[in-house]
Amino acid sequence: MNKLKIRLKKADFYVFSGCERMIIGLKIAVFSLFFAPGALFASDTAADNYALYCVQCHGLRGDGKGINIRDMSVQPRDHTDAKAMSGRSDAEIFKAIKEGGLAIDKSVQMPPWAEVLSDAEITGLVSYLRTLCKCSNGAGK
Amino acid sequence: MRLPLWCFLSVFYSVAAHAADGDALLQSECAACHNLTGPAAATVAELRTRKAPDLFYAGNKFRREWLVRWLQQPTRVRPAGFLFLNHIKPGAKSDVVDAASLPTHPALDTARATAAADALMNLRPHDALIAKEKLAAGTLSRAMGEMVFDKFSGCLACHLIEPEYGGVSGPELYSAGTRLQAEYIASIVRTPQAWQPKTWMPDKHISDANIVKIVRYLDTLSKENKHE
């Protein structure tokens with residue numbers, strides 16, 4: 001009888017230990033998901049995202065001369081144009097990328113990318129565009 | 001009249017052999033370039049390593065009769081290749097497609113094309129996405145369709161609607177009505193990222209009514225253009 005009790009205690013100990021390990025594991029996973037998503041998922045750079053989503057219209061050089069422009073009714077923005085690009089605030093550019101051209105009274109041909117890009121990735125793209133135009137943030141600058 | 005057992009067995013074995021031939025054919029002829037098992041690419045870098053469109057959901061996407069015909073006489077569906085990024089270069093006026101870099105799809109004879117098409121049609125991991133699309137039969141004039149497709153939705157930017165008119169980073173759409181299942185068209189327009197997380201096709205939040213109009217417009221286009 002005593003032996004049985006000892007065995008039960010051991011078994012109980014191991015069951016709780018397993019649960020605890022699982023809970024700790026879950027806590028780490030949740031923490032990673034919210035505070036370090038890059039550790040769980042491979043992520044794309046701003047240059048990757050620009051290449052896949054923007055180059056088709058804005059071009060390999062970012063000059064608005066992509067492969068799709070021939071029959072476009074409105075030509076894409078030249079991202080290397082410092083004068084035009086500095087006339088747009090970071091917030092406006094962010095909004096155009098996330099919600100599309102119509103959101104800033106521009107062409108429907110500029111799509112919304114909210115479903116594929118996180119806010120952090122869009123912010124990264126805004127910074128990337130500033131490197132292409134070699135211009136700073138701020139309306140009218 | 002009762003059919004002899006050997007008759008039933010010979011039909012069964014010929015069907016089974018056909019399916020086995022098709023599966024083997026996919027492995028020997030297609031798997032080197034096409035992903036047949038999934039999952040879809042999870043990053044841009046991974047996408048750039050893929051040589052051809054994923055086929056692991058081909059049975060949810062294509063029309064069988066188109067596959068049988070096309071595999072015997074392949075034509076270019078994607079004017080800038082599967083992934084435009086791998087086939088473009090700067091040009092004088094704009095970026096251009098580097099035609100020399102575009103691969104040519106091999107042609108199969110009728111028996112092999114039929115076996116491959118049948119095997120591809122068995123690849124249906126996205127039946128649930130297809131089942132969500134309820135499309136009533138109907139037609140739409142080309143003018144009305146173009147209004148929704150181009151003016152309201154901006155799809156012309158990336159897709160050809162005639163062999164020499166439209167954008168080229170996406171697949172041509174003048175034969176889409178004969179190439180693709182109507183429900184697939186509706187689903188890929190509604191939620192492109194449900195099919196390919198890293199597709200460069202945007203989710204433009206197109207309304208249900210306009211999705212139906214786009215499906216009907218592409219059907220009209222394929223009948224008018226007769227490019228298959």
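How far is the sulfur of B:C30 from the closest cysteine sulfur? Select B:C30 and B:C33 in this predicted model. The closest cysteine sulfur to that of B:C30 belongs to B:C33 and lies 9.0 Å away, which is too far for a bond. B:C30 counts as buried, at 13% relative accessibility.

**Cysteines of chain A**

Move to A:C54 and A:C57 next. The sulfur of A:C54 has its closest cysteine sulfur in A:C57, at 9.0 Å, so the distance is too far for a bond. A:C54 is buried, and its relative accessible area is 13%.

Now select A:C133 and A:C135. A disulfide joins these two residues, with an S to S distance of 2.0 Å. Over all chains, the structure holds one disulfide. Turn the view to look along the S-S bond: the torsion about it is about -80°, so this disulfide is left-handed. A:C133 is buried at 3% relative accessibility, and A:C135 is also buried, with a relative accessible area of 13%.

**Chain A as a whole**

Show chain A as a cartoon. The secondary structure consists of six helices and zero strands, and from the N terminus on the order is α-α-α-α-α-α. Chain A has 141 residues, and 37% of them are buried. Among contacts in chain A with a separation of 6 or more, 48% are between residues 24 or more positions apart.

Stay on chain A and pick A:D105, in the loop between α5 (90-99) and α6 (119-133). Its phi is near 60°, a positive value in a residue other than glycine. At 74% relative accessibility, A:D105 is exposed.

**Where the chains meet**

Bring both chains into view and select the residues in contact. Chain A contributes 27 residues to the contact and chain B contributes 42. The area buried between the two chains is about 2,700 Å², and carbon and sulfur atoms give 60% of it. Colour A:L52, A:L60 and A:I67: these supply 24% of the area that chain A buries against chain B, more than any other three residues.

Which residue of chain A forms a salt bridge with B:K198? Select A:D44, whose salt bridge with B:K198 has its closest N and O atoms 2.7 Å apart. Between chain A and chain B the count is two salt bridges. There are also 14 residue pairs in polar contact between the chains, counting pairs with both residues at pLDDT 80 or more. Coloured by class, the side of chain A that touches chain B shows 14 nonpolar, six polar and seven charged residues.

**Chain B: a helix and two loops**

Hide chain A and select helix α4 of chain B, residues 64-72. Which residues of this helix are buried? They are B:W66, B:L67, B:V68, B:W70 and B:L71. To see part of what covers them, add α5 (110-121) and α8 (176-179) of chain B, which are included in the cover.

Go next to B:P39, in the loop between α1 (5-30) and α2 (44-48) of chain B. The peptide bond joining B:G38 and B:P39 is cis, with omega about 0°.

The last stop is B:H205, in the loop between α10 (192-195) and α11 (208-225) of chain B. Here phi is near 55°, a positive value in a residue other than glycine.

How values were computed:
Residues numbered from 1 in each chain as written. Chains lettered and ligands numbered in written order. Predicted model: local features only at pLDDT ≥ 70, side-chain atom pairs only at ≥ 80, totals over all residues. Heavy atoms only, no water. Buried < 20%, exposed > 50% of the residue type's maximum accessible area, 1.4 Å probe, protein only. Helix = DSSP H or I, 4+ residues; strand = E, 2+ residues; numbered from the N terminus. Contact = heavy atoms within 4.5 Å. Buried area = accessible area lost by both parts, 1.4 Å probe. Salt bridge = Lys/Arg side-chain N within 4 Å of Asp/Glu carboxyl O. Polar contact = N/O pair within 3.5 Å; in protein donor to acceptor, adjacent residues only side chain to side chain. Nonpolar A, V, L, I, M, F, W, Y, C, P; charged D, E, K, R; others polar. Disulfide = S-S within 2.5 Å.
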